[in-house]
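Hello,

Here is the structure I promised to hand over. Please open it first, then read my notes below.

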Amino acid sequence: MLSKSKVKYIQTLGQKKFRQEEGLFIAEGPKVVSELLYARHSYITEIMALPDWLRDNAELTAGISCTEINEADLERISQLSTPNHVIAVVKQFDTNTIPVADGQLTLVLDNIQDPGNLGTIIRIADWFGLQQVLCSDDTVDVYNPKVVQATMGSIARVNVHTLNIEEWINAQQNIPVLAAALDGK
């Protein structure tokens, strides 16, 4: 059973302010957590899961602090309407380096506000083999629980940077830029 303070702490990570302060985010569900375990094992700080999930994934979770919880605890800490077996607390990925476009296809997104849409775009970028996605400063937070959920684990493989797009494009040299806009010509 989780303590009240632990439950409150996990719940606060659903809010951008606390995610930024702590440098952490939460990932929920077997698919997302498994993908993070395979691709970014060292970033996971803690896992809280039902006994069956922990037993089935014992090898994969080696070296990570794991807490066995019951259905009631899972419902209390979950951001989802239907909690799904496991929740991981994950360190935010290092995106301090300025990405370069030289030699690789880069998807640049401006002002995406819907978390589900951003997560889906990241998942599609992963499917097409893109290794980086750049988001404008006014795009929804990539660590929003709904974004993380919608990526279906692709957040573990695609580097997502948030930056000033205009400055970034101006700093790139000799790159073709293709753009699409709803009201474009």
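Where is Phe 93 found? Phe 93 sits in the loop between β4 (86–91) and β5 (107–109). Before going further, please note that this is a predicted model.

**Phe 93**

Is Phe 93 buried or exposed? Its relative accessible area is 9%. The cut-off for buried is under 20%, so Phe 93 counts as buried. Leaving out residues up to four places away in sequence, Phe 93 touches Phe 25, Leu 36, Arg 40, Tyr 43, Tyr 143 and Ile 155. His 161 is worth a look too. Phe 93 and His 161 are 68 residues apart in sequence. In space, their C-alpha atoms are 9.6 Å apart.

**Helix α3**

Two of the contacts of Phe 93, Leu 36 and Arg 40, are among the buried residues of helix α3 (residues 30–40). The others buried there are Val 32, Val 33, Ser 34, Glu 35 and Leu 37. What do the buried residues of α3 pack against? The strands are β1 (24–28), β2 (44–49), β4 and β7 (159–163). The helices are α4 (51–56) and α7 (145–151).

**Cysteines**

How many disulfides does the structure hold? It holds zero. Cys 135 is buried, with a relative accessible area of 1%. Cys 66 is partly exposed, at 32%.

**Pockets**

The largest pocket holds about 850 Å³ of space. Its lining has 22 residues, and the closest to the pocket's centre are Leu 107, Val 108, Leu 178, Ala 179 and Ala 180. Two elements, β5 and α8 (165–171), give two or more residues each to this lining. By type, the lining divides into 18 nonpolar, two polar and two charged residues.

The second largest pocket has a volume of about 260 Å³. It is lined by 15 residues. Nearest its centre lie Gln 20, Asp 141, Val 142, Tyr 143 and Thr 162. Tyr 143 also appears above, as a contact of Phe 93. Here the elements that give two or more residues are α2 (16–22) and β7. Which element gives the largest share of this lining? That is β7, with three residues. The lining of the second largest pocket divides into five nonpolar, seven polar and three charged residues.

Best wishes

Note on methods: Residues are numbered from 1 along each chain as its sequence is written. This is a predicted model: local features need pLDDT of at least 70, side-chain atom pairs count only at pLDDT 80 or more; totals for chains, interfaces and linings use all residues. Side-chain values use heavy atoms; hydrogens and water are left out. A disulfide is a pair of cysteine sulfur atoms within 2.5 Å. Buried means under 20% relative accessible area, exposed over 50%, partly exposed in between (1.4 Å probe, protein chains only). Helices (H or I, at least four residues) and strands (E, at least two) are DSSP runs, numbered from the N terminus. Contact means heavy atoms within 4.5 Å. On a 1 Å grid over the protein atoms alone, a cavity is a set of points where a 1.4 Å probe fits but cannot get out, and a pocket is an open set with protein on both sides within 12 Å along at least five of seven lines; lining residues have an atom within 4 Å of a point. Grid points are joined across faces, edges and corners, and a volume is the space filled by probe spheres set on the points. Ala, Val, Leu, Ile, Met, Phe, Trp, Tyr, Cys and Pro count as nonpolar, Asp, Glu, Lys and Arg as charged, and the others, Gly among them, as polar.
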